[in-house]
Amino acid sequence: MIEKLSLTSDRLLSHRQLACRHSYCGLPLHGNEMLIYSNMDLELQPLLLTGHHGEISAMTFGKGSRPVLLCSASADYIIVWDIELCQRRTQEGKVAAGTVIGTLLGEVIHLSFCSSDERVAACSGAAVHILSSKRHEVISTLTGHLGPLTSAEFCPWNKDVLVTTSEDRTFKVWDLKMEAVCYQSFVLTASPLLSVFFLEENRHLITGSMDGQVWCFSLPDDHKCHLVTKMDLQKMEKRHQMHQLTLSHEAGVAEQSAADKVETSKPVLKMALCDSFTDTSYEDKKDNSWLCVGSSDGLYVVDLATSELLTALYFKDYPNLSITMAGSWSISPGWCNSMVFLVSSLFTPCVALLELRLCDLGRIWACGEGFSVFPSSPALPESPLNAELKKKEPNHPKKKGGIKEQPLVFHSKVKSSGYTSAPRRSMFSPKTNIQKNPSSKKDAKNTGLFLREYPADSAAPTVPQIDLSTGNKPVYCLQYSGDGKQILCGLGDSSVLLYKSSLTGSPAVYTGHDKPVSSVSWSLNRQWWLSASQDQSLRIWTQGSPEPVIIMGNSMFSKPIRSAQFYYLDKFLLLASGPSLYLYLYNVDITRDSIKRYQQRSVVKLAGRFATTSATDITALSAISDFFSYIVLVCGSDRSIQVFDMNKGTVASELPDAHNKAVHCVTQNKGSMFSTQAPDSHNLFLTSAITDGVKIWDLRTLRCVRRYENHLNRCHPCLSAISPCGRFIASGSEDNCAYVYDIRSSSYLHKLQKHSDTVLSVTFNPATPELLTGTLDGKLRLFQSSSGACLSHDTSAAVHSVPNMTA
């Protein structure tokens with residue numbers, strides 16, 4: 001951060017609204033005069049503007065580029081100035097004059113132009129006056145707040161909408177045509193709201209308070225605001241400092257002494273996007289969700305997508321600055337990939353013009369190389385993934401010499417095989433006069449589904465189709481088979497149900513566990529599947545048999561199995577119990593001896609056992625089995641995410657404090673055999689934690705890239721899922737709803753209501769745009785897309801027509 005200009009005033013300007021834009025900055029002089037500096041050449045003589053009789057309390061520049069308008073307010077006048085016209089008049093030796101648009105409106109503490117610079121909003125007391133910027137006219141006066149106003153801003157995409165904040169701790173959305181309130185917020189905090197800012201791209205409004213709270217609301221066309229995210233600067237700062245402390249310990253940097261740390265309040269004085277007026281080279285690198293927050297002790301850069309603090313630029317870390325504590329901020333995009341700030345000192349009559357290079361900000365947040373789910377080299381010779389299961393050779397009994405071979409039939413004569421008969425003289429001739437039978441319905445269905453892929457542009461599945469009850473026990477886990485034709489339901493009564501994907505007919509019931517089922521997983525060939533339970537056992541089942549072919553229990557594991565699945569193209573069984581990650585080789589043998597029918601012929605062998613760092617218990621795991629991948633994601637009870645490299649059998653990286661609570665669900669973007677995604681999109685994965693929403697992470701950078709917290713999750717382990725097309729995210733919720741998010745936006749896209757209880761589990765059909773939800777009271781609901789509700793459930797033809805991702 002560079003100080004370009006420092007000025008000393010004759011009076012304190014700590015709580016005055018100052019004016020700044022990329023080309024000019026302005027501040028009061030002697031109370032009723034103004035100095036306008038050119039940011040391009042600060043050595044030029046500043047422009048002096050006179051006309052006010054009272055003390056100037058607020059200033060702001062217009063939004064347009066030509067003409068450059070400045071509005072200033074005092075207790076007597078509100079004046080609009082044309083800066084370029086005033087400069088020409090001054091050069092001609094004339095007196096620069098402005099247009100008086102308001103008189104005797106009281107002490108104005110905040111001014112703002114609309115996007116077209118045709119109207120001006122002036123906050124005075126508990127009222128906001130809407131003025132014309134071209135003539136002396138009060139268009140309307142809006143009252144309704146119970147306390148003095150602190151800010152008012154016009155909506156950039158709707159010129160007839162105005163948002164005001166007040167010391168009564170609420171904000172209001174006004175319809176300027178009707179001159180009425182169309183939305184009023186609840187009391188957000190115990191401190192006054194100070195500022196408001198609009199995100200035009202996402203159509204969000206952001207407001208900040210005196211105690212450092214920041215709220216982001218969606219502002220739809222009906223003006224019914226919905227909370228998208230809430231942030232606390234102090235809490236974000238503490239998490240950021242803990243993360244930096246962890247990095248400094250790894251790098252061997254000495255920790256700052258506790259005596260040097262002073263905790264201060266962090267009022268949200270001003271907000272703006274990290275943007276440049278002429279941003280070309282940096283545009284592909286920057287993130288338009290980065291928000292600059294000007295506070296009393298420095299500048300905070302927050303990622304709105306993740307609700308995390310990227311960096312904090314404290315005044316105390318820049319001894320060359322003349323500002324140590326700020327009273328007011330004015331923020332504007334600057335030239336040449338920079339931002340400019342006009343800051344007034346809180347305790348001294350000083351004003352400074354600061355500049356921040358966005359490329360420096362990008363270097364501050366630069367990160368090292370991450371990982372990829374796709375292997376970059378073959379497995380190492382000593383890799384655990386090269387383990388093989390030695391098959392036993394069949395033991396044939398030795399023949400005894402005294403016993404001769406006996407005939408295999410009981411008849412004295414056997415019909416000849418025909419080898420000695422005369423050869424046929426006539427070849428086969430087909431029958432051509434037989435009438436063709438009409439094709440079956442199944443053939444017609446399959447013919448229509450050749451080369452059918454998952455529709456990449458379909459709408460999210462939101463149309464309810466089927467409601468089904470499985471009993472009164474919770475549905476803890478759901479998983480579709482790879483072809484999307486069958487669905488497994490793990491229940492709280494220790495049973496597993498196998499349904500058709502259409503949820504028609506009676507399900508096959510598999511029992512054997514003694515406690516609730518924690519996870520289910522299909523094999524790639526869909527011939528068998530596994531179930532794991534809190535009774536410390538794992539079972540592998542085959543379709544059509546009520547008995548498991550493999551039972552792993554009998555005190556093999558000391559703690560309940562949190563999660564289990566097939567791994568590495570079904571070569572291994574991967575499961576988590578306690579602080580250990582187990583890798584098993586297995587061989588399924590479905591043959592049984594009718595006499596020793598309870599003797600298990602299938603074989604399992606431990607290929608590796610791996611411990612987490614700090615011996616923390618594993619709460620969730622995820623790995624991709626559809627293609628070769630070395631990466632296994634493990635979440636621990638210490639709130640960390642650990643990345644295992646199974647090629648080496650070690651923890652390759654660790655993300656401490658990934659959530660406020662321990663992660664109970666981790667889901668990778670696995671796609672499906674019916675969909676096509678960019679390869680890099682498979683590096684995304686979701687994590688869910690109680691009271692902390694859903695986060696999406698990028699394995700390549702090991703950073704959270706977005707956060708979703710519109711749903712309610714306070715005590716139950718609600719699961720989340722990514723659609724096969726990679727465009728939607730579904731999450732369970734405790735308000736008897738399921739939420740569907742657009743993966744690119746933090747606000748929810750659809751709220752699927754009218755569930756009978758808490759939605760615990762959600763899963764997408766890999767073949768068609770369908771979403772299945774399971775509730776705490778054992779209900780299943782199937783949702784289909786409005787654009788794909790007529791798709792058939794028979795996808796057998798598509799299985800062979802869509803290329804597999806294992807290639």
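Reader: How many cavities of 30 Å³ or more does the structure hold?

Author: Two cavities of that size are found in the structure. Please keep in mind that this is a predicted model.

Reader: What makes the largest space a cavity?

Author: A cavity is a set of points where a 1.4 Å probe fits but cannot get out. About 90 Å³ of space lies in the largest cavity, and 13 residues line it. The closest to its centre are N202, H204, L304, R706 and S746.

Reader: What classes of residue make up the lining of the largest cavity?

Author: That lining has five nonpolar, six polar and two charged residues.

Reader: Which residues line the second largest cavity?

Author: They are C155, W157, N158, V161, L219, P220, D221 and H223. By class, five are nonpolar, two polar and one charged. D221 is the charged one, because Asp belongs to the class counted as charged. About 40 Å³ of space lies in the second largest cavity.

Reader: Let's turn to the sheets. Why are β22 and β25 called edge strands?

Author: The order in this open sheet is β22-β23-β24-β25, with antiparallel pairing. β22 (270-273) and β25 (308-314) each have a single partner strand, so one side of each is left without a neighbour in the sheet. On average, neighbouring strands here are turned by 20° against each other, direction ignored.

Reader: How do you know that β24 and β25 pair?

Author: Pairing calls for at least two bridges between two strands. Strand β24 (residues 298-303) and β25 share six bridges in the antiparallel sense, so they meet the requirement of at least two. V302 stands opposite L309 in β25.

Reader: What makes β34 and β37 the edges of the other four-stranded sheet?

Author: This open sheet has the order β34-β35-β36-β37, and its pairing is antiparallel. A single partner strand is available to each of β34 (517-522) and β37 (550-552), so one side of each has no neighbour in the sheet. Neighbouring strands of this sheet are turned by 15° against each other on average, direction ignored.

Reader: How do you know that β36 pairs with β37?

Author: Three bridges join strand β36 (residues 538-542) to β37, and the two run antiparallel. The requirement is at least two bridges, so the strands count as paired. I540 stands opposite I550 in β37.

Reader: Which peptide bond is cis, with omega near -10°?

Author: That is the bond from R66 to P67. P67 has its place in the loop between β6 (58-61) and β7 (69-73).

Reader: What is notable about the phi of S494?

Author: S494 has a positive phi of about 75° although it is not a glycine. You will find S494 in the loop between β31 (486-491) and β32 (496-500).

Reader: What does the pLDDT say about the protein chain?

Author: The chain averages a pLDDT of 86, and 84% of the residues score at least 70. Among its elements, strand β54 (residues 759-764) has the highest mean pLDDT (97), whereas helix α5 (residues 796-801) has the lowest (33).

Reader: Where is the pLDDT below 50?

Author: Residues 278-286 form one such stretch, with 15 contacts in the model beyond near neighbours in sequence. Another covers residues 789-807, where the pLDDT is also below 50 and the stretch has 54 contacts beyond near neighbours in sequence.

Reader: How should such coordinates be read?

Author: Where pLDDT is low, predicted coordinates should not be read in detail.

Definitions and conventions:
Residues are numbered from 1 along each chain as its sequence is written. This is a predicted model: local features need pLDDT of at least 70, side-chain atom pairs count only at pLDDT 80 or more; totals for chains, interfaces and linings use all residues. Side-chain values use heavy atoms; hydrogens and water are left out. Axes are lines fitted to C-alpha atoms, for helices over the stretch in contact, and angles run from 0 to 180 degrees between N-to-C directions. On a 1 Å grid over the protein atoms alone, a cavity is a set of points where a 1.4 Å probe fits but cannot get out, and a pocket is an open set with protein on both sides within 12 Å along at least five of seven lines; lining residues have an atom within 4 Å of a point. Grid points are joined across faces, edges and corners, and a volume is the space filled by probe spheres set on the points. pLDDT is the predictor's confidence in each residue, from 0 to 100. Contact means heavy atoms within 4.5 Å.
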